[in-house]
Amino acid sequence: MSTDTVTDVFEEHRPVLVGVAYRMLGRVADAEDVVQEAWLRWSGVDRSEVREPRGYLVRVTTRLAIDRLRQVKARNEAYVGPWLPEPYVTDFGDMVPDTAERAVLADSVSLAVLVVMESLSPLERAVFVLREAFGYPYAEIATMLDRGEAAVRQLSGRARKHVEERRPRYDVDPAQRRDLTERFLAAAAEGDLQGLMSMLAPDVRLVGDSGGKSRAPLRVIETADKVGRFLVGAARKGVPDMSFRFLELNGGPALLLLSGDKPDSVFQLDVVDGRIQSVYVVRNPDKLQSLAA
């Protein structure tokens, strides 16, 4: 292969590699580091021995992500306050034309599912991502991970059971989530506690991630009354030179608050039966850097 062809092949598969690495790690920077390392492996390998470039690249990326995940888990043990994945801009474009497949990819990258996946072992997480998000056959996953197919099936079953038992149930209608997000913003900005309360489920949870680097609750806030009062109080304090815009993050609509031109916070809602079940707030500045552009 010429240098141009080598680069073109890698770039063709980059979106899938980033998707695998991010679902494994929950951080954009870590995912990009892993994909860069995969590029170095790809550019140096004897490509006459590579029969299927995509399979080779996914295998390399997955193994690198497993190694990185073990380092990240140790780092997260000292994390201040609740941990949430780094917000990830999702735009599948023409890469995924099928609506059902888009829904699977969007769900597998949602904040709720990624939080549950944090409790999986690195191998379980790798098998879950490759099987549930990308639909790889067990035999191919076994080859990628250098494990027997029976062992991979066992890992897959254990991981799927764990995620299904713990994942929150929420509505995936993006139009409804967008509408509620807009009304949520308006009520909070106006200090309308009753308006907020009418949108919140009685057992709503607010999870704030600051990493100890900005103001956010260090514990999960629960119940509509406590969450509503917290949001109204936070809105009264305000953000200097505040503006906002809507983005698709982690497979669903989200609200990005800016202070001047600097990302300040990301809000994303989970909705069940037309009411807000979970409010996710990311304020750790390290996790907002990728949204600065």
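Trainee: In this predicted model, how many bridges join strand S4 to strand S5?

Mentor: Strand S4 covers residues 252–259 and strand S5 covers residues 262–272. The two strands run antiparallel. One pairing places Leu257 of S4 opposite its bridge partner Ser265 in S5. The number of bridges joining S4 to S5 is five.

Trainee: Which residue in the turn between S4 and S5 has a positive phi?

Mentor: S4 and S5 form a hairpin, with two residues between them. The phi in question is about 70 degrees. The residue in the turn with this value is Gly260.

Trainee: In which sense do S5 and strand S6 pair, parallel or antiparallel?

Mentor: Strand S6 spans residues 275–282, and seven bridges link it with S5. Val272 has Arg275 as its bridge partner in S6, and Phe267 stands opposite Val281 in S6. The sense of the S5 and S6 pairing is antiparallel.

Trainee: Which residue takes a positive phi in the hairpin of S5 and S6?

Mentor: This hairpin has two residues between the strands. A positive phi near 50 degrees occurs there. The residue that takes it is Asp273.

Trainee: How many bridges connect strand S1 with S6?

Mentor: Strand S1, residues 200–209, pairs with S6 in the parallel sense. In this pairing Asp209 stands opposite Val282 of S6. In general, strands of a sheet pair through backbone hydrogen bonds, in either a parallel or an antiparallel manner. The bridge count for S1 and S6 is six.

Trainee: Which strands are the edge strands of the sheet?

Mentor: The sheet is open, has six strands with mixed pairing, and follows the order S2-S1-S6-S5-S4-S3. An edge strand here pairs on one side only. That description applies to S2 (221–222) and S3 (242–249).

Trainee: How many residues of S5 are buried?

Mentor: Burial here requires under 20% relative accessible area. S6 is mostly covered, with seven of its eight residues buried. S5 is mostly covered as well. Its count of buried residues is ten of eleven.

Trainee: Does Thr223 count as buried, partly exposed or exposed, and why?

Mentor: Thr223 lies in the loop between S2 and helix H11 (224–237). Although not a glycine, Thr223 has a positive phi of about 85 degrees. Its relative accessibility is 33%, so Thr223 counts as partly exposed.

Trainee: Is Asp241 buried or exposed, and why?

Mentor: Asp241 is placed in the loop between H11 and S3. Its phi is near 50 degrees, a positive value in a residue other than glycine. Because its relative accessibility is 63%, Asp241 counts as exposed.

Trainee: What separates the C-alpha atoms of Thr90 and Asn250?

Mentor: Thr90 belongs to the loop between helix H3 (53–76) and helix H4 (99–108), and its 5% relative accessibility makes it buried. Beyond its neighbours within four places in sequence, Thr90 is in contact with Val109, Glu248, Leu249, Asn250 and Gly251. Thr90 and Asn250 are 160 residues apart along the chain. Their C-alpha atoms are separated by 5.8 Å.

Trainee: What share of the contacts between residues at least 6 apart in sequence joins residues at least 24 apart?

Mentor: The chain contains eleven helices and six strands. The contact of Thr90 with Asn250 spans 160 residues along the chain. For contacts in the chain between residues at least 6 apart, the share joining residues at least 24 apart is 65%.

Trainee: What is the radius of gyration of the chain, and what would a compact globule have?

Mentor: Along its principal axes the C-alpha trace spans about 65 × 40 × 40 Å. For 293 residues a compact globule would have a radius of gyration near 19 Å, so the two values agree: the chain has 20 Å.

Trainee: How far apart are the mean positions of the positive and negative charges?

Mentor: Of the 293 residues, 50% count as buried. The chain exposes about 14,200 Å², and carbon and sulfur atoms supply 49% of that area. The chain carries 40 positive and 44 negative charges. Their mean positions are apart by 6 Å.

Conventions
Residues are numbered from 1 along each chain as its sequence is written. This is a predicted model: local features need pLDDT of at least 70, side-chain atom pairs count only at pLDDT 80 or more; totals for chains, interfaces and linings use all residues. Side-chain values use heavy atoms; hydrogens and water are left out. Helices (H or I, at least four residues) and strands (E, at least two) are DSSP runs, numbered from the N terminus. The radius of gyration is taken over C-alpha atoms; the globule rule is 2.2 Å times the number of residues to the power 0.38. Buried means under 20% relative accessible area, exposed over 50%, partly exposed in between (1.4 Å probe, protein chains only). Contact means heavy atoms within 4.5 Å. Accessible areas come from the Shrake-Rupley method with a 1.4 Å probe; for residues, only the protein chains shown count as cover. Lys and Arg count as positive and Asp and Glu as negative; His and the chain ends are not counted. The place of a charge is taken as NZ of Lys, CZ of Arg, CG of Asp or CD of Glu. Two strands pair if DSSP finds at least two bridges between them.
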